[in-house]
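The following exercises concern the geometry and surroundings of helices. Please work through each task before reading its solution.

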Amino acid sequence: MRTVFITEGEGEYAALPLLKHQIQERTGIHLIPPMRITIQPDGPATKIGRSIKQKLLPTLMAKQVEKAVVLLDREMRGDCPGEIAIEVLAAVRSLCGTGIDFTVVLKDRCFENWLVADVQSLKAQPGRFRVSNAAERKISPNKADSIDAQRLLSSIVIGRDFQKV
């Protein structure tokens, strides 16, 4: 199944090609390179759908994509992520009306929150990150979505500023 990830996030767009082999190996799907779209992830669902239709649908069709996974940040919206995903999915399916099977996935905040959520992976890289007990307490247990992860990463990275990509 020809599958593509569509993201508005700079970090996700840079990271997905590095994960391609692992994703294909574990799922058996054929991934084409990810696509990036410039949208406000917390914008109206219909606007997101229109942007996908106008900016990406012709390319998706030309590349014979069968499944498109739209990755969005929840940002600071208070709505339930599942409800937001359902609303965006309905708009995309309604506006794109193609044979492409769309799925919408929302992560709670931003790419950095996903990175810090696995504190053990940060600790496993002592040449890159210095994770103090205080930093770990800010993350664990289950607090990664409620912190300013970019600020935390900047404070624990060794030798230079944290850069998303």
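**Exercise 1.** What span should the 18 residues of helix α2 (residues 45-62) have at 1.5 Å a residue, and how far apart are its end C-alpha atoms?

Solution. The model is a predicted one. The expected span of a helix is 1.5 Å times one less than its number of residues. For the 18 residues of α2 this gives 26 Å, and the end C-alpha atoms lie 25 Å apart, so the two values agree.

**Exercise 2.** Locate the kink in α2 and describe what follows the helix.

Solution. The kink, of about 60°, is found at Leu56, shortly before the proline Pro58. After α2 comes Gln64, which has a positive phi near 55°.

**Exercise 3.** Which residues of α2 are buried, and what covers them?

Solution. Buried here means under 20% relative accessible area. In α2 the residues that qualify are Ala45, Ile48, Gly49, Ser51, Ile52, Leu56, Leu57 and Leu60. Leu56, the site of the kink, is thus listed among the buried residues. The cover over these residues includes β1, β3 (35-36), β4, α3 (81-96) and β5.

**Exercise 4.** Carry out the same analysis for helix α1 (residues 10-27).

Solution. Begin with length: α1 has 18 residues and reaches 24 Å from its first C-alpha to its last, close to the expected 26 Å. Next, examine the axis: α1 bends by about 55° at Leu19. Then consider burial: Gly11, Glu12, Ala15 and Leu16 are the buried residues, and their cover includes β1 (2-7), β4 (67-73), β5 (101-107) and α4 (111-117). Finally, Gly28, just after α1, adopts a positive phi of about 75°.

Conventions:
Residues numbered from 1 in each chain as written. Predicted model: local features only at pLDDT ≥ 70, side-chain atom pairs only at ≥ 80, totals over all residues. Heavy atoms only, no water. Helix = DSSP H or I, 4+ residues; strand = E, 2+ residues; numbered from the N terminus. Bend = angle between axes of the 7 residues up to and from the residue. Buried < 20%, exposed > 50% of the residue type's maximum accessible area, 1.4 Å probe, protein only. Contact = heavy atoms within 4.5 Å.
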